[in-house]
Amino acid sequence: MNELVIIGAGGFARETAQAVADAGAFKLLGHLDDNPALHGTEVDGVPVLGGCDLVHDLPGARVVICVGNPRDYAARARLVRRLGLTEERYATVIHPTAAVSATSEVGPGSVLLAHCVLTAAVRVGAHVAVMPQVVLTHDDVVEDYATIASGVRLGGGARLERGAYVGSGALVREATTVGAWSLIGMGSAVLGDVPPGEVWVGSPARRLRAADAPALDELAMRTELASRTVGGPLT
Ligand SMILES: CC(C)(COP(=O)(O)OP(=O)(O)OC[C@H]1O[C@@H](n2cnc3c(N)ncnc32)[C@H](O)[C@@H]1OP(=O)(O)O)[C@@H](O)C(=O)NCCC(=O)NCCS
């Protein structure tokens, strides 16, 4: 059985540890977290082995990065860059109650918690966090580093661009795009395209403000990269 370490020891990391236990597909070695106060302790009975860089001393273990919250949902992207692991090191964790259609795909480092549904031809990228009871319908595209909180529903052909955060219970109309590193407030109904780097709330959702600094930093980095790239889509 593949060994696994979970990077992070907070709420999402602990939920992922439970999904790993339920799936029984990995031998969970423990959590890695940069908070030294946690080192040598256990969370929910799972040991915190040390800091995130300990991953380099465990070359046989697969990895998922389970950090981030609504105030800093760019944390996974920063850690992926910092750790510099090959794509093959990253595991995909799917709770056994998730219904993932044969025509759908889920990328490395992504986590699907209990009772998620991916109906038909859904594409989920790398390092995407999908909380319980999220429903992604036909032809939805969820780009790398997106976060989808519990109970979100996306209509068919919707797109969450890189790093987008969709808060609990939000609804996104069919064929609608949420821009890169934008955040949708919990319970919102998104009826039209949301530009990158903004916070939108309400039903119908309206612009509240610009996204927080960590998200805007990621957006700026990507824009700079794109302007230096000649031709070809960015992955
Ligand atoms: C959108 C969000 C980030 C805004 O947080 P914030 O910037 O601290 O905003 P505030 O709480 O100061 O609220 C600012 C205004 O927006 C309104 N507002 C905030 N969130 C809202 C929401 N989800 N829907 C509708 N209105 C909302 C507030 O009522 C307030 O309105 P007012 O100025 O008329 O009083 C936050 O409310 C949210 O929804 N976060 C996502 C939480 C989540 O889904 N967590 C998942 C599990 S961890």
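**Legends to the close-up views**

**View 1. Gln 18 and its surroundings.** Gln 18 counts as partly exposed because it has 14 C-beta neighbours inside 10 Å; a residue is buried with 20 or more other C-beta atoms within 10 Å of its own, exposed with 12 or fewer, and partly exposed in between, the C-beta atoms being placed from the backbone. The model is predicted: local features require pLDDT of at least 70 and side-chain atom pairs count only at pLDDT 80 or more, whereas totals for chains, interfaces and linings use all residues. Residue numbers start from 1 along each chain as its sequence is written. Gln 18 belongs to helix 1. From C-alpha to C-alpha, Gln 18 lies 18 Å from Val 117, and the two are 99 residues apart in sequence.

**View 2. Helix 1 (residues 11–23).** Helices (H or I, at least four residues) and strands (E, at least two) are DSSP runs, numbered from the N terminus. The end C-alpha atoms of helix 1 are 18 Å apart, which agrees with the 18 Å that its 13 residues should span at 1.5 Å a residue; the expected span is 1.5 Å times one less than the number of residues. The buried residues of the helix are Phe 12, Ala 13, Glu 15, Thr 16, Ala 17, Ala 19 and Val 20. In general, an α-helix has 3.6 residues a turn, so residues three or four places apart point the same way. Gly 24 follows helix 1 and has a positive phi, near 65 degrees.

**View 3. Strand 1 (residues 2–7) beside strand 5.** The two strands pair in the parallel sense over four bridges, where pairing requires that DSSP find at least two bridges between two strands. Leu 4 stands opposite Arg 62 in strand 5. Within strand 5 (residues 62–65), Arg 62 and Val 64 point one way, while Val 63 and Ile 65 point the other way; all are buried. In a regular strand the side chains alternate between the two faces of the sheet.

**View 4. Strand 4 (residues 46–50) with strands 2 and 3.** Strand 2 (residues 26–32) runs parallel to strand 4 and is joined to it by two bridges; the bridge partner of His 31 is Val 48. Strand 3 (residues 42–43) pairs with strand 4 in the antiparallel sense, also over two bridges, and Glu 42 stands opposite Pro 47. Strands 3 and 4 form a hairpin with two residues between them, and Asp 44 in the turn has a positive phi of about 50 degrees.

**View 5. An open sheet of eight strands.** The strand order is 6-9-12-15-18-21-23-24, with mixed pairing. Strand 6 (93–94) and strand 24 (206–210) are the edge strands, each pairing on one side only. Strand 9 (residues 111–112) and strand 12 (residues 129–130) pair in the parallel sense over two bridges, with Leu 112 opposite Val 130.

**View 6. The ligand and its shell.** The ligand is surrounded by 14 residues, of which the closest are Ala 149, Gly 167, Gly 185, Met 186 and Val 201; a residue belongs here if its C-beta atom, placed from the backbone, lies within 6 Å of the molecule. The shell divides into seven nonpolar, seven polar and no charged residues. Ala, Val, Leu, Ile, Met, Phe, Trp, Tyr, Cys and Pro count as nonpolar, Asp, Glu, Lys and Arg as charged, and the others, Gly among them, as polar.
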